[in-house]
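Reader: Before I rely on any labels attached to this model, I would like to see the reasoning behind them. Could we go through them one by one?

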Amino acid sequence: MTEMSLPSTQHAVRVHASGGPEALQWTEVPVPSPGPGEVLVRTAAAGLNFIETYQRSGVYRMPHPFIPGSEGSGTVVALGPEADRASVAVGDVVATAAGSGTYAEYFTAPVDQLLPVPSGVDAAEAAAIPLQGMTAHYLCRSTVEVKPDQTVLVHAGAGGVGLLLTQLCVSHGATVITTASTEEKKSLSRAAGASHVLDYSGFADSVRDLTGGRGVDAVFDGVGRDTFDESLASLRIRGTLALFGGASGPVPPVDPQRLNSAGSVFLTRPTLVHHTLTAEETRWRARELFSALDAGTLDFRIGATYPLAESGRAHGDLESRRTTGKSLLLP
């Protein structure tokens with residue numbers, strides 16, 4: 001294993017039993033060793049994501065104890081066996097959405113899921129890109145190929161994915177309608193390019209009014225249970241509902257006949273892992289995102305930063321919907 005001089009232990013956030021934010025314990029643990037095809041990264045920042053609240057609370061069953069986090073950025077400090085040295089070297093700055101235990105001072109990640117960070121991008125800020133940036137990218141470039149003259153609805157328009165997805169859809173010529181819960185969030189959504197920002201209550205009727213009764217070409221819904229019914233009612237005939245998350249809870253089982261009644265619409269439940277199947281696909285998405293960032297057509301808004309040791313406070317803010325944009329955890 002090629003490596004820099006490394007400590008044997010590190011500080012990390014560990015969950016010993018399911019529970020509330022207090023279950024996130026700041027503790028000392030061994031520095032992990034990269035396995036075959038992996039690298040070890042010294043953390044610049046870890047991304048905060050809603051899935052980690054499900055893992056912490058027990059909604060998603062996890063083996064205990066565990067270190068949360070899959071998104072992070074930093075400097076490669078060691079290469080494991082069989083790591084492709086043609087594509088990565090010690091000292092490279094990288095980001096990833098496929099890390100293992102990124103709520104720590106060091107984490108491991110597979111080489112084929114690394115995003116090379118351009119020299120002009122801050123290493124910590126790069127942690128805002130892999131999960132939410134790549135999610136926004138696959139939603140509007142693969143799940144639905146957003147085109148000029150289309151109208152789309154993006155829920156949680158002031159959230160991390162919502163802000164990025166709005167900007168990307170606008171850059172492809174679409175008209176974007178969003179939902180947001182407060183005047184502050186509505187202002188952020190408009191600044192990202194949303195033409196109309198709606199309240200969550202009764203948004204389907206508003207969407208119909210704004211589209212002359214036609215409905216939108218696509219709904220991008222990361223909220224889930226609370227928005228699903230009206231999302232279906234917002235679609236045009238043969239429109240697409242991309243349900244990519246469940247911040248309000250899981251959607252109950254759906255009778256396929258409802259898709260017929262809604263206008264022969266399409267329902268999909270995509271996930272990032274199926275849109276980054278190869279290193280080539282992952283890097284294609286990263287290149288487009290970093291190019292847009294460099295060109296000034298995409299702004300990754302860092303809404304808040306927290307010390308890793310205060311990840312419990314970060315989880316509390318996220319679950320209470322007090323966050324906007326992307327939140328980062330700093331070691």
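Author: Let us begin with a bridge: in strand 12, Ala-218 is the bridge partner of Val-152. Please keep in mind throughout that this is a predicted model.

Reader: What makes strand 9 and strand 12 a pair?

Author: Pairing requires at least two bridges between the strands, and strand 9 and strand 12 (residues 216-221) share 3 bridges in the parallel sense, so the requirement is met.

Reader: How do you know that strand 9 also pairs with strand 10?

Author: The reasoning is again a matter of bridges, because at least two are needed and 4 bridges join strand 9 to strand 10 (residues 175-179), with the two strands running parallel. Within strand 10, Thr-178 stands opposite Val-154. Strand 9 and strand 10, together with helix 3 (residues 160-171), also make a right-handed β-α-β unit.

Reader: Which residues show that both faces of strand 9 are covered?

Author: On one side of strand 9 (residues 151-154) these are Thr-151 and Leu-153, and on the other Val-152 and Val-154, all of them buried.

Reader: Why is Asp-149 called exposed?

Author: The relative accessible area of Asp-149 is 78%, and exposed means over 50%, so the label follows. Asp-149 sits in the loop between helix 2 (130-143) and strand 9, and its phi is near 75°, a positive value in a residue other than glycine.

Reader: Why does Glu-82 count as exposed?

Author: The threshold is over 50%, and Glu-82 has a relative accessible area of 70%, so Glu-82 is exposed. This residue belongs to the loop between strand 5 and strand 6 (93-96), and its phi, near 70°, is likewise positive although the residue is not glycine.

Reader: Why is Thr-43 called buried?

Author: Buried means under 20% relative accessible area, and Thr-43, which is found in strand 4 (residues 38-47), has 8%, so it is buried.

Reader: What makes the approach of Thr-43 to Ala-104 a polar contact?

Author: A polar atom of the Thr-43 side chain lies 2.8 Å from the backbone oxygen of Ala-104, whereas the limit for such a contact is within 3.5 Å.

Reader: Why is Ile-51 described as partly exposed?

Author: Partly exposed lies between the limits of 20% and 50%, and Ile-51, at 37% relative accessibility, therefore receives that label. Ile-51 is found in helix 1 (residues 51-57), and with Val-59 and Tyr-60 it forms a nonpolar surface patch of about 270 Å² of accessible area together.

Conventions:
Residues are numbered from 1 along each chain as its sequence is written. This is a predicted model: local features need pLDDT of at least 70, side-chain atom pairs count only at pLDDT 80 or more; totals for chains, interfaces and linings use all residues. Side-chain values use heavy atoms; hydrogens and water are left out. Patches are made of residues with over 30% relative accessible area and no salt bridge: like charges are joined within 9 Å, nonpolar side chains (Val, Leu, Ile, Met, Phe, Trp, Tyr) within 5 Å. Accessible areas come from the Shrake-Rupley method with a 1.4 Å probe; for residues, only the protein chains shown count as cover. A salt bridge is a side-chain nitrogen of Lys or Arg within 4 Å of a carboxyl oxygen of Asp or Glu. Buried means under 20% relative accessible area, exposed over 50%, partly exposed in between (1.4 Å probe, protein chains only). A crossover is right-handed if, with the strands pointing away from the viewer, the path from the first strand over the helix to the second runs clockwise. A polar contact is a pair of N or O atoms within 3.5 Å; within protein, one must be able to donate a hydrogen and the other to accept it, and residues adjacent in sequence count only if both atoms are side-chain atoms.
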